[in-house]
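Please look over the structure shown here. The briefing below it covers strand order, sheet packing and one helix contact.

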Amino acid sequence: MTEKEQLIYDLIRKNPYISQQELAEAVGLSRPSVANIISGLTRKGHIVGRAYVLNESQQIVCIGGANLDRKFQVKNKARLGTSNPIKSVKSVGGVARNIAENLGRLGQDVILLTACGADSDWAYIEESSKLFMNLDYVAKIPGMATGSYTAVLDTDGELIIALADMEVYEAITTEQLLKQDALLSRAKCIVADLNCPKETLQFLSHFAQKHDRPLVLIPVSSPKMERLPDDLSGVTWMITNRDESETHFNINISDQEAWEQAVEKWLSLGIDNVVITNGKKGAMIGNKEEGTFHVPAIETEVVDVTGAGDAFSSAVIFSWLEGKKLIDIAKAGAVNASKTLKSTYTVRQELSAAQLQQDLED
């Protein structure tokens, strides 16, 4: 056992009825981290079942992509048809996984449902992610490669081209999710990205309505907008960007009025809350109760754009679950995105609930 595992094991041995929150306070870790350590002790056979009583809160279930990201940034102006000197970095990514890590760092109990290969790429993702989310429900698919995303960035950190191998996510089927019926039916919130097949997303939409669970949909790219469920009534949040909204409605969001009208179009489909981000122009957020607001982006030095959208979405979800007003929800998203733009990491390493609050106050 590691030092932390031994400490938690000893505390459970002394008090089989101790809660995860009490354990977290005793050892100075977050509750999600304690949950993952307990899961590890169970897998190793040190804990047989759950003999202790837990007063657990509901968990956020994130469904979708968990990739190995490879980023290549050119040192000079990119030139096609020839070799370009670069600097490279490998990291973990995937929209659902990124959001899960952001929320885990913000102190939420998070479960990731995804599909992967039984390969070294998944081992790297698992090692990097397990402290912030529960990975016990991940489906390993024989003969498939773990999802990967390769980005080529210019000298300013802006994306030139991206290459995505996402075939494994076709295995996130309705049948796979039905195996987790009990888990999903008691979820605090279900977050799904459009790496999932359309049939799966339609199932989730109906499931969320039937069980009265909040459902957040996160588009991945404009081409994947065709995967949106046909019936969006009952979707709690749609967090999308300008290009994705233009693609779905076949419109041109060229000014503030068109941007606001696009929010209204989404709301008219029965979605409760909508955000449309627009890069440096900020975000438009709205619902039928509070109206529609524009929140400017925060000007900042851009080190790497990768993960900024997921940071925005995560802070929106977190702030909404905290009961914040719409305008404050959007501000939290903008702040977390701006801080992530300044980081070389896809999920900024200093993120916590206290840090996000401090960032908002600053």
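The points that follow describe two sheets and the helices set against one of them.

This is a predicted model, in which local features need pLDDT of at least 70, side-chain atom pairs count only at pLDDT 80 or more, and totals for chains, interfaces and linings use all residues. Residues are numbered from 1 along each chain as its sequence is written, and side-chain values use heavy atoms, with hydrogens and water left out.

Helices (H or I, at least four residues) and strands (E, at least two) are DSSP runs numbered from the N terminus. Two strands pair if DSSP finds at least two bridges between them. Contact means heavy atoms within 4.5 Å. Axes are lines fitted to C-alpha atoms, for helices over the stretch in contact, and angles run from 0 to 180 degrees between N-to-C directions.

**The eight-stranded sheet**

- Eight strands form an open sheet with mixed pairing, in the order E4-E1-E9-E10-E11-E12-E13-E14.
- Its edge strands, each pairing on one side only, are E4 (110-113) and E14 (291-295).
- From one strand to the next, the twist averages 15 degrees.
- Strand E13 (residues 283-287) and E14 run antiparallel and are joined by five bridges; Asn287 stands opposite Gly291 in E14.

**Helices on that sheet**

- Helix H9 (residues 242-249) packs on the sheet and touches strands E11 (237-241) and E12 (273-277). The direction of H9 makes about 105 degrees with that of E11.
- Helix H12 also packs on the sheet, touching E11, E12, E13 and E14. The direction of H12 makes about 30 degrees with that of E14.

**H12 against H13**

- The axes of H12 (residues 326-341) and H13 (residues 353-361) come within 10 Å and cross at roughly 100 degrees.
- H12 is therefore roughly perpendicular to H13 (65 to 115 degrees counts as roughly perpendicular).
- On the H12 side the contact uses Lys331, Ala332, Val335, Asn336 and Lys339, which meet Leu356, Asp359 and Leu360 in H13.
- These residues divide into four nonpolar, one polar and three charged. Ala, Val, Leu, Ile, Met, Phe, Trp, Tyr, Cys and Pro count as nonpolar, Asp, Glu, Lys and Arg as charged, and the others, Gly among them, as polar.

**The four-stranded sheet**

- An open sheet of four strands, with mixed pairing, has the order E3-E2-E7-E8.
- E3 (86-93) and E8 (159-165) are the edge strands, each pairing on one side only.
- The twist averages 15 degrees from one strand to the next.
- Strands E2 (residues 67-74) and E7 (residues 148-153) run parallel and are joined by six bridges; Leu68 stands opposite Ser148 in E7.

Note on methods: Angles under 35 degrees count as roughly parallel, over 145 as roughly antiparallel, 65 to 115 as roughly perpendicular and the rest as oblique.
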